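Me: Please take one part of this model and go through it closely. Then set that part against the rest of the chain. I am a first-year student, and short sentences suit me best.

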Amino acid sequence: MNARAQGGFTLLEIIAALALLALLMLGVYGGIRTLTGSVHRGRDAVARLDTRRGAEQFLRRNLAQVRPIPWARLDNGRAVVFVGASQAMRFVAPLPGFLGRLGPQLQTLKLVPDGHGQFNLEAAFALLPPDGSAPQPFGPPQRLLAHITSGQFAYRGFDIRRKDTGWSDNWTHSSRLPALVEIHLKTAQGTLPTLEVPLRVDNSAVNRAVIRATGLQAMQP
């Protein structure tokens, strides 16, 4: 047996082995960290996608169920059934599920600044008292979508002469429902597909619906 075998490993060899082990452990840690980060990013992406889909389904469903029920009156006495601006809209529609038992509610969709240079898409609800008094807020506004960098609502329908109004970011015919509503949103992750929803209500039937629902006098064209 030679002197090297009898003396064991040298200090230099031990240091080299420890350094190699440290490099190996660093590589394993780096791999685990990368994998963990990928899992978190994937989970966050799925959560964002689920939130976006949920908001889209909510918007499609509620806008498609808009009712021509008046909830206010203009100075000239005309009933108000829909108000639409570039970053807010207000209408009456039933809520899904058990909340629908409360009847149609006045709903407000609005892009609200979040204080950090972006917007939240929020929905607020109000009950319509049967005596025709002012709508009563029903709980705090609910956030549908966050981290919106820019957004706009657009409307298209027919005027009182049944003429196509074309697309506009301001619906001026508040005593009538628009035929189509478009929602354009851009988030920090990119531009979302344009959401275009037809309102499944025959505007020519507004007077009849108003009379049946509220007993009010028919709106004048």
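Reply: What follows starts with one loop and then moves outward.

First, some ground rules. This is a predicted model, in which local features need pLDDT of at least 70, side-chain atom pairs count only at pLDDT 80 or more, and totals for chains, interfaces and linings use all residues. Residues are numbered from 1 along each chain as its sequence is written, and side-chain values use heavy atoms, with hydrogens and water left out.

Now the loop. It runs between strand S8 (142-156) and strand S9 (180-187), and Asp 159 is found there. Strands are DSSP runs of E with at least two residues; helices are runs of H or I with at least four; both are numbered from the N terminus. Asp 159 counts as buried because its relative accessibility is 9%. Here buried means under 20% relative accessible area, exposed means over 50%, and partly exposed lies in between (1.4 Å probe, protein chains only).

What does Asp 159 touch beyond four places in sequence? Its partners are Thr 165, His 173 and Arg 176. A contact means heavy atoms within 4.5 Å.

Arg 161 meets Asp 159 in two ways. In one, a polar atom of the Asp 159 side chain lies 2.9 Å from the backbone nitrogen of Arg 161. That is a polar contact (N or O atoms within 3.5 Å; within protein, one able to donate a hydrogen and the other to accept it, and sequence neighbours counting only if both atoms are side-chain atoms). In the other, the two side chains form a salt bridge, at 3.5 Å from N to O. A salt bridge needs a side-chain nitrogen of Lys or Arg within 4 Å of a carboxyl oxygen of Asp or Glu. Side chains of opposite charge can pair when their charged atoms come close. The two partners differ in cover: Arg 161 counts as exposed because its relative accessibility is 64%, whereas Asp 159 is buried at 9%.

Ser 174 is found in the loop between S8 and S9 too. Ser 174 is buried, since its relative accessible area is 10%. Leaving out neighbours within four places in sequence, Ser 174 contacts Leu 74, Ala 79, Val 80, Val 81 and Phe 82.

Asp 164 and Arg 156 make another salt bridge, with N and O 2.7 Å apart. Arg 156 belongs to the range of S8, 142-156. Both residues have middling cover. Asp 164 is partly exposed, with a relative accessible area of 37%, and Arg 156 is partly exposed at 30%.

The structure holds three salt bridges. The one still to name joins Arg 60 and Glu 56, with closest N and O atoms 3.3 Å apart. These two residues sit four apart in helix H2, so about one helical turn separates them. Arg 60 is partly exposed at 36%, and Glu 56 is partly exposed at 33%.

Next, a step past S9. Ala 188 lies in the loop between S9 and strand S10 (190-191). Ala 188 is exposed, at 52% relative accessible area. Its C-alpha is 6.6 Å from that of Ile 148, although the two are 40 residues apart along the chain. Beyond four places in sequence, Ala 188 contacts Gln 118, His 147 and Thr 149.

How does the whole chain read? It has three helices and eleven strands. Their order along the sequence is α-α-β-β-β-β-β-β-β-β-β-β-β-α. The chain has 221 residues, and 32% of them count as buried. Among contacts with a separation of 6 or more, 50% join residues 24 or more positions apart.

Last comes confidence. The mean pLDDT of the chain is 80, and 78% of the residues score at least 70. The scale of pLDDT, the predictor's confidence in each residue, goes from 0 to 100. Strand S3 (residues 82-84) has the highest confidence, at 96, while helix H3 (residues 206-214) has the lowest, at a mean of 43. Over residues 203-221, pLDDT stays under 50, and the model has 27 contacts beyond four places in sequence for this stretch. Where pLDDT is low, the predicted coordinates should not be read in detail.
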